[in-house]
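Visitor: I have a new model open on my screen and would like to learn how to read it. Could you walk me through some features, one at a time?

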Amino acid sequence: MKKIEAIIKPFKLDDVREALTELNIAGLTVTEVKGFGRQKGHTEIYRGAEYAVDFLPKVKIELVVADDLVERAIEKIVEVAKTGKIGDGKIFVLPVENVIRIRTGEEGEAAV
């Protein structure tokens, strides 16, 4: 099993969720986050004063999938979240040793 963490632009969230649902990926966690990479940030003018926006709003999607679904899930996220412009985001893939469903005690892929 692998944990996929994808940092994407907020307006792409619904499209990514729908694409993952088509792959029968049922569970995911979404967190509103802020950050920057090469995009850095920008300046804005509010009530006549200029200020720097250092951290840009993003959405982090976390999901754990069986090894045989990892590549297809990544391909779908890239396909749907990509705008071709700076700040599209990143995907991180991490190994998962075990998953335990608290309610039933199921472990491994059965718990996902």
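Guide: Gladly! Keep in mind that this is a predicted model. Let's begin with helix α2, residues 70-81: at 1.5 Å a residue, its 12 residues should span 16 Å, and the end C-alpha atoms are indeed 16 Å apart, which agrees.

Visitor: Which residues of α2 are buried?

Guide: A general idea helps here. An α-helix has 3.6 residues a turn, so residues three or four places apart point the same way. In this model, the buried residues of α2 are V70, A73, I74, I77, V80 and A81. They cover an arc of only 145 degrees around the axis, which puts them on the same side of α2. On the other side of α2, E71, E75 and E79 are exposed.

Visitor: How is the label "buried" decided for I77 and I74 in that helix?

Guide: The label rests on relative accessible area, and buried means under 20%. I77 has a value of 2%, so I77 is buried. I74, at 17% relative accessibility, also counts as buried.

Visitor: What separates these two residues from other parts of the chain, counted in sequence and in space?

Guide: Let's take one partner for each. I77 and D88 are 11 residues apart along the chain, and their C-alpha atoms are separated by 11 Å. For I74 and D54, the spacing along the chain is 20 residues, while the C-alpha atoms are separated by 28 Å.

Visitor: Now the strands, please. How many bridges join β1 and β5, and in which sense do they pair?

Guide: Strand β1, residues 2-8, pairs with β5 in the antiparallel sense over seven bridges. To find a spot on screen, start at A6, whose bridge partner in β5 is I61. β1 also pairs with β6, again antiparallel and over seven bridges. There you can start at K3, whose bridge partner in β6 is L94.

Visitor: And how should I think about side chains in such strands?

Guide: In a regular strand the side chains alternate between the two faces of the sheet. For a residue to look at, try F92, which is found in strand β6. With 40% relative accessibility, F92 counts as partly exposed. F92 and A6 are 86 residues apart in sequence, yet 6.3 Å apart in space, C-alpha to C-alpha.

Visitor: Let's turn to empty space. How much of it lies in the largest pocket?

Guide: Rolling a probe the size of a water molecule over the atoms shows where empty space is left. In this model, the largest pocket holds about 310 Å³ of space. It is lined by 14 residues, and the closest to its centre are F36, G37, G87, G89 and K90.

Visitor: Which strands supply that lining, and what is its chemical make-up?

Guide: β2 (29-35) and β6 (89-95) each supply at least two residues of the lining of the largest pocket. β2 gives the most, with three residues. By class, the lining of the largest pocket divides into four nonpolar, five polar and five charged residues.

Visitor: What does the second largest pocket look like in the same terms?

Guide: The second largest pocket has a volume of about 200 Å³. Its lining consists of 15 residues, of which I25, G27, V64, V65 and V112 lie nearest its centre. Strand β5, residues 56-65, gives the most to this lining, with four residues. The lining of the second largest pocket divides into nine nonpolar, three polar and three charged residues.

Visitor: Where is V112 found, and is it buried, exposed or partly exposed?

Guide: V112 is found in the segment after β6. With a relative accessible area of 47%, V112 is partly exposed. The C-alpha atoms of V112 and D54 are separated by 36 Å, and these residues are 58 apart along the chain.

Visitor: One last feature: what should I look for in the backbone angles?

Guide: Most residues other than glycine have a negative phi, and most peptide bonds are trans. With that in mind, look at N24: N24 has a positive phi of about 65 degrees although it is not a glycine. You will find N24 in the loop between α1 (13-22) and β2. N24 is exposed, with a relative accessible area of 69%.

Terms used. Residues are numbered from 1 along each chain as its sequence is written. This is a predicted model: local features need pLDDT of at least 70, side-chain atom pairs count only at pLDDT 80 or more; totals for chains, interfaces and linings use all residues. Side-chain values use heavy atoms; hydrogens and water are left out. On a 1 Å grid over the protein atoms alone, a cavity is a set of points where a 1.4 Å probe fits but cannot get out, and a pocket is an open set with protein on both sides within 12 Å along at least five of seven lines; lining residues have an atom within 4 Å of a point. Grid points are joined across faces, edges and corners, and a volume is the space filled by probe spheres set on the points. Ala, Val, Leu, Ile, Met, Phe, Trp, Tyr, Cys and Pro count as nonpolar, Asp, Glu, Lys and Arg as charged, and the others, Gly among them, as polar. Two strands pair if DSSP finds at least two bridges between them. The expected span of a helix is 1.5 Å times one less than its number of residues. Buried means under 20% relative accessible area, exposed over 50%, partly exposed in between (1.4 Å probe, protein chains only). The arc is that of the directions from the helix axis to the C-beta atoms.
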